Amino acid sequence: MSPTITTAGELTVDEPPGSPVYDVTVVGAGVVGAAIARELARYRLRTALLDAGDDIGNGTSKANTAILHTGFDAVPGSLEARLVREGQHRLRAYAAETGIPVERVGALLVAWDEEQLATLPALLAKAERNDYHAARLLGADELRAREPHLGPGALGALEIPDESIICPWTTPLAYATQAVRAGVHLHLNCRVRHIESGDDAHTLTTTRGPLRTRHLINAAGLYADELDRELGHDDFTVTPRRGQLIVFDKLARDLVDHILLPVPTAAGKGVLVAPTVFGNVLLGPTAEDLDDKTATGSTADAIALLREKGRRILPELLDEEVTAVYAGLRAATGQEDYRIRSRPELRYITVGGIRSTGLTASMAIAAHVADLLGGSGLDLGTPHELPPVTMPNLGEAFPRPYQDAGLIAADPAYGTLVCHCERVSAGEIRDALAGPVPPHSPDGLRRRTRAGNGRCQGFYCGAAVRALFEEARP
Amino acid sequence: MTRHERTVDVLIVGGGPAGLGAGAELAASGAGRVEILEREQTAGGVPRHCHHGGFGGRTIGGGGATGPAYAESCVAAAVRAGATLRTGVTVTGWAGPLTVDTTAPTGLERITARAVILATGARERPRSARLVPGSRPPGVYTTGELQQAVHLYQQRIGTRAVVIGDEPVSRAAADTLRVAGVDVVAMVTDRPAPKLAALTRPSGDRTPVLGRTIVTALTGRERLTGVSVRHQDGRTATLRCDTVVFTGDWIPDHELARRGEVTLDPGTRGPAYDAAHRTDRTGVFAVGNLLHGVESAGVALAEGRAVAAPVLRHLTAGDWPTGRPAVAVDSPLRWIAPNLVDPDGGLPLRGRFVLRTDRRLSSPLLVVSQDGRELHRQRLLLPAVPDRPFHLRGDWLDRADPGGGTVRVSVH
C-alpha cells in the first residue's frame, strides 16, 4: 500500500455522502500527535493525522532540548510523572529497534552554592518517590573528576545516570513513517478553522476543505486551547513559554560528558548545558512567557543571559564557535501537569499542556489516549504489530554512512559528501527526498539528514543542497 | 570491507590556491609522490565561484583573471607539474601523527605521508555565529553561499537585499546580487562608513552604506521580511528586504588542525606557524587562509609555493623545531601571521608579517619587543584599516631570542 500524504488541494472524500470519512482524526502532527497516529495504526481504523504546517514535528517538537528524561523531578503522583516514566522505557526500546540515536550520558544536577547543595537530598528523595532509584549524591571532588571543565565553585551534584539525549527529529519521523505505512492518512498544510459537532460525527472545516470524523483527538500543541474552545470547552489557556537555545560547535563536545542541570528554583528549571546526539553542545533554554504563539525568534537579551549562565557552568564553552541559535515554544497551561481529558459523549479527547517532556512521554501518551478512545465507545478491535521501520542514523555516536566501506562499495553515493560540516552524503539526501514521509522544504531535509546543519550554515553546501532539493521536488 | 591503506610522500589537504600551489611546486621539485585531496567535486577553492576579475594580478601575467579562470590555472599548474589531484575525497580524521582517514565514492582509505600540508581554507561566519537575533527565515546568506547559488547553480535569490559588511568581499557580494537581478538597498557596517563611499567605488555603485550601525534582528517567517538595525547614536530602523548577506568575518576552517591537536594561534584561530609554515606538530605544515582568514588568493598561492622548500628540507633532514616563542599582538591589533619565531632565521613571505587591526590607526608606530627588550620599531606611512592587510618588516627576526619569551607587537 502506498502511503497517503497530501500537502495541497481539497481533502478528497471517497465515501458515500453522509458517512464519516475517518474513524479518528488527530489534529497536530507533532511528536505527540504522530505517536498517537502510530498507536492507532495498530488497529483497523480509518485514521487521519492533520497538521497546519508543511511537515511533521514542525512546531514545538523540532526545537527543544532533545533530552530523554527519567522523570526523576516530576511531581510525584501526577499523570506527567507516570507517562514520562513509562514513555521513557517505551521510547528507549523503540529507539533501539528503529535506530533512533540515544546516548545515555547521564545528568548531573550541579549545586553552585550552599543553599543549592542543601536542596539535593530533597531532590534525591523526590526521585525515589518517582520510582527512580539510581540517583546518588556526588561530592565536589568526584564531580570535578567527572566534569573537569566545569567552572569554579561547584560544590556537589545529584547524579541521574539514566538521563539521556535523543534525536528529536527522527523520533516523530519514525512514528509518522510507521503510521502512514500502516494506512494513516497524513494531511499537511491543513489548518483546522472551525468544527461542527453532530450526533455521530465532527465536521472539520480546514484550510483545505471539509473533513468528517467520528472521533477527534486534539494534539494541537500551542493551539490545543483554541481547538478546545471550538468545541465549547474553556478548561485551560496555553501560554507559549519561549525557550531560546544556543548550539555550540562540535569542537566543544569534548568539554562536557553529561547533561549539566541547574538545581531548580521557584523561577523554573533553569539553564542547562547538554551534549546533543549530533555531537554539539546545547546551552539553554530560557523560559519566557509570551502571548504570541508564533514568536519563535531569538532576542539579544536572552542570548546575553545564556552566555552569562554558560560562562559560569562551562567557561571554555564560550570560546567556541556558535553553530546555531534557535527558540521553541512550550505549551504551558499554568498547571503542573498534562491536560489530557476524554469526553466520551462527544467522542473527543484533548491532549493538552504537553510541555517539555512530550518527546519522552510521547509513546506512553499515545497508549493512554488509545485506552481512553477504547473507553469512549469506539471498538478498537485487536491490535496488530506494525511492520518494523529502520531510521537513518543521524547520531554521531553510531556509524554513519560516510564511515561504512561496505555501503559505499554497494552505492558510491554514500561516499559522495555534500554537506561537509555534517558529513552528509548524496545517498542520504536522495533517500530522504524519496522517503515515505518526504520533506517539503530544505529545512525539512535538514531535519532528516543534518544537511546544512553544521558550523558553516551553508557557506559550502547551501546552494548544492538546495539544488538537490529542487531537483527532487515533484 | 575495510580501509585501503596507502602511503605517499607529501599529502596536501585542500585543493584551493594554497594547496594547489604547494602541490605544483613540490611535484616540480621532485618531492616524490605528492597528492592533493579536495573534498569538492571540482578543485580550485573559493575562486571557483568568484566571478569578478582581479585575481592573480601579481602572479599570473596581466591585470588579473576571473576567479574561475584563476582556479583553473592553479589546477592546471599542479597537474602539469605532476601532482596527483583527487577531488571528491574528504579527510574525515587522523589515524596517526601523519596518517589520515578519507571518504570518497571509491571507498575508504587510510593514507600515511612523510609530510602533511593543511590547506583547508577559511569561511565567513554565518549569521548564527555572529549571534544576530530574530527569526530564522529563508533568504539569509554568506557571500560564499550566495556566489555558489548564483554562479554555480543559477538559483533565484530574491528582489531586495541588504549586505552586512563593507569590505572588498561585501562589494563582491553586492555585485553578485546585482548579477542575479537583486536590488541592493543598503550595506550595513558597525565601522564608520567611508566618506564619499559611492564616489570611491570604481563600479560607480551608489548603494548607501550605513556606518556605525549594527543588525539587531532579522524578521519574517516564511521568508525574510526585514533587517532591523540600530545606529551608534540610538536611532533604529527596519530595512525592508527579502535577502540578507553576511559578508567577511572570516574564520579558518581549522577542524582537522584541531582534531590533530595542532596548537592554534589565539588571534587568527588558525594553526600557530613559523616562517617555514611549520605548526607545532612534527611533519605538519599549514598554508593559505587556514592560517589567516582571509588574504587574497594570490597570497594563498604564493604561500603554497613557498612551503615547498621547507617541506623538502624536512623530508631530507627530518628535524623539527620545538619551543619556539610566539609572536603576539596587543589590542587594538587583532592578529599577526606568522605567529611563531622561526629558529632557523627564515623570513616570512616577501620578508614581512601580515597583520589586522580592530580599529583604524593613522600612521601607527609598531613596536616589537621580547622580554622587555625592544627589537624593532616601524612607523607605517599609510593608515591601518580594519579587514585590510598591513605589514611589518621581518628583518628584526635575527635579533629575537629563539629560547626567549613571547615576542609582542604593539601600537604606540
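The exercises below, each followed by a worked solution, concern chain B of a predicted model.

Residues are numbered from 1 along each chain as its sequence is written, and chains are lettered from A in the order in which they are written. In this predicted model, local features need pLDDT of at least 70, and side-chain values use heavy atoms, with hydrogens and water left out.

**Exercise 1.** State what confidence the predictor assigns to chain B and to the complex.

Solution. Begin with pLDDT, the predictor's confidence in each residue, from 0 to 100: chain B averages 94, and 96% of the residues score at least 70. Then turn to the complex, for which the predictor gives an ipTM of 0.95 and a pTM of 0.96.

**Exercise 2.** Locate B:Ala28 and decide whether the residue is buried or exposed.

Solution. First, B:Ala28 lies in helix 1 (residues 17–28) of chain B, where a helix is a DSSP run of H or I with at least four residues, numbered from the N terminus. Next, the relative accessible area of B:Ala28 is 60%, so the residue is exposed (buried means under 20%, exposed over 50%, partly exposed in between, with a 1.4 Å probe and protein chains only).

**Exercise 3.** Describe the sheet that contains strands 12, 13 and 14 of chain B.

Solution. Step one: the sheet is open, with the order 12-13-14 and antiparallel pairing; strands are DSSP runs of E with at least two residues, and two of them pair if DSSP finds at least two bridges between them. Step two: the edge strands, each pairing on one side only, are strand 12 (213–219) and strand 14 (236–240). Step three: 5 bridges join strand 13 (residues 226–231) to strand 14, and B:Gly226 has B:Arg240 as its bridge partner in strand 14.

Terms used: Predicted model: local features only at pLDDT ≥ 70, side-chain atom pairs only at ≥ 80, totals over all residues.
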